[in-house]
Amino acid sequence: MSKKHYVVWKGVTTGIFDSWPAAQAQINGRSDAQFMGFGSLAEAQVAFKSTYTKALMKRSLAKSPSQSSAPATNKSATKSQTAPSGQLSADIRIYCDGACSPNPGKSGTGIAVYHQQQIKELWYGRYLAHGTNNTAELTGLLESFILAQSYIKQGQHVQVLSDSKYSIDCITKWATGWKNKGWTRGRGEEIKNLELIKQCHALYLELKSQLTISHVKGHANIEGNELADRMAVLARMQQQPDFVQRTDPIDIAAILAMPSG
């Protein structure tokens, strides 16, 4: 049996590593990490000359049709999709994203749900003819919390990942202070997107004992974030008002080839 090798495209040090501990040391704590394991040195060398996205797509295309609903990467690669490495134990990971073009303009929201590190569901919708990027991102958090409720009731820990620092900070940092000031910034200054923030914050308070919110870098070839992005653009393009689950088989390579936001 050939020895496994690991390619790190983005980390403390990039390159090919001949053990998991050596590779892991390069990506620990990196929300933008890009890495993947390979069965031989030759495969790793070919992959390293290319890009992480191309490696993802190649691995997805290599899978049989019966595996189309599984992630395009192996277990080691899937770990790169999370934010800080200490949160890899979440039972459910929900990536959310918003898309708006122009901004302000037509907007939509998308979500990718992973169960035990495998992609299981894609959701999209909440089209607004006069939305903004921030409203689409906040809606992504809200819909993620709604989906998280059923998993948390089953005793599972949920990690929600968003590339919107604004949305995360609104809910986890600023909302408590705003609420204490009568939902203003102080001196009566208005808060934009207040109703969405109120809904998100109220639900977050109910769930936070079994919920982790993490920031993940956008457009960094992180599979879950990229899939959520494609769903957000799909919602905008199809002008889908409701939030619905995509019923087509999950072909990761085909979805990654769809328009991005």
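This note goes through selected features of a predicted model, point by point.

1. Helix packing. Helix H5, which covers residues 133-153, packs against helix H6, which covers residues 165-180, and their axes lie 9 Å apart at an angle of about 55°. The two helices, H5 and H6, are therefore oblique to each other, and the crossing in which H5 passes H6 is right-handed. Both helices return in the points on salt bridges below, where H5 supplies Glu143 and H6 supplies Asp169 and Lys165.

2. A salt bridge between a helix and a strand. The structure holds seven salt bridges, and one of them joins the side chains of Glu143 and Arg126, with an N to O distance of 2.8 Å. This pair links distant parts of the chain, since Glu143 belongs to helix H5 whereas Arg126 belongs to strand E6 (residues 118-131), and the two residues are 17 apart. With a relative accessibility of 8%, Glu143 counts as buried, because the limit for that class is under 20%. Its partner Arg126 has a relative accessibility of 32% and so counts as partly exposed. A reader who inspects this contact will therefore find a buried carboxylate residue, Glu143, paired with a partly exposed Arg126.

3. A salt-bridge network within helix H6. Which residues are linked in a network of salt bridges? They are Lys165, Asp169 and Lys173, and Asp169 takes part in both of the contacts described here, one with Lys165 and one with Lys173. In the contact with Lys165, the side chains meet at 3.2 Å, N to O, while in the contact with Lys173 the closest N and O atoms are 3.6 Å apart. Lys165 and Asp169 both lie in H6, four residues apart, which is about one turn of the helix. Asp169 and Lys173 are likewise four residues apart in H6, so that about one helical turn separates them.

4. Accessibility across that network. Is Asp169 buried or exposed? Asp169 counts as buried, because its relative accessibility is 9%. Lys165, at 41% relative accessibility, counts as partly exposed, whereas Lys173, with a relative accessible area of 53%, is exposed. The three members of the network thus fall into three classes, with Asp169 buried, Lys165 partly exposed and Lys173 exposed. As a general remark, side chains of opposite charge can pair when their charged atoms come close.

5. A nonpolar surface patch. Ile16, Leu41 and Phe48 form a nonpolar patch on the surface, and together they have about 210 Å² of accessible area. Of these residues, Phe48 is placed in helix H2, which covers residues 41-49. Phe48 counts as partly exposed, because its relative accessibility is 32%.

6. Lys54 and Asn221. Lys54 lies in helix H3, which covers residues 52-62, and is exposed, with a relative accessible area of 55%. In sequence, Lys54 and Asn221 are separated by 167 residues, but in space their C-alpha atoms are 9.7 Å apart.

7. Cis peptide bonds in the loop between E4 and E5. Where is Pro102 found? Pro102 is in the loop between strand E4 (92-101) and strand E5 (105-115), and the peptide bond that leads from Ser101 to Pro102 is cis, with omega near -15°. Pro104 also has its place in the loop between E4 and E5, and a cis peptide bond, with omega about 0°, joins Asn103 to Pro104. A colleague checking the backbone of this loop may wish to look at the bond from Ser101 to Pro102 together with the bond between Asn103 and Pro104.

8. Positive phi values outside glycine. Gln117, a residue other than glycine, has a positive phi near 70°; this residue is found in the loop between E5 and E6, and it is buried, with a relative accessible area of 18%. Asn193 is not a glycine either, yet its phi is positive, at about 60°. The place of Asn193 is in the loop between H6 and helix H7 (194-207), and Asn193 is partly exposed, with a relative accessible area of 23%.

Notes
Residues numbered from 1 in each chain as written. Predicted model: local features only at pLDDT ≥ 70, side-chain atom pairs only at ≥ 80, totals over all residues. Heavy atoms only, no water. Patch = residues over 30% accessible without salt bridge, like charges linked within 9 Å, V, L, I, M, F, W, Y side chains within 5 Å. Areas by Shrake-Rupley, 256 points an atom, 1.4 Å probe, with all protein chains shown as cover. Salt bridge = Lys/Arg side-chain N within 4 Å of Asp/Glu carboxyl O. Buried < 20%, exposed > 50% of the residue type's maximum accessible area, 1.4 Å probe, protein only. Axes fitted to C-alpha atoms, helices over the stretch in contact; angles between N-to-C directions. Parallel < 35°, antiparallel > 145°, perpendicular 65-115°, else oblique. Left-handed = near helix turned anticlockwise from the far one by under 90°.
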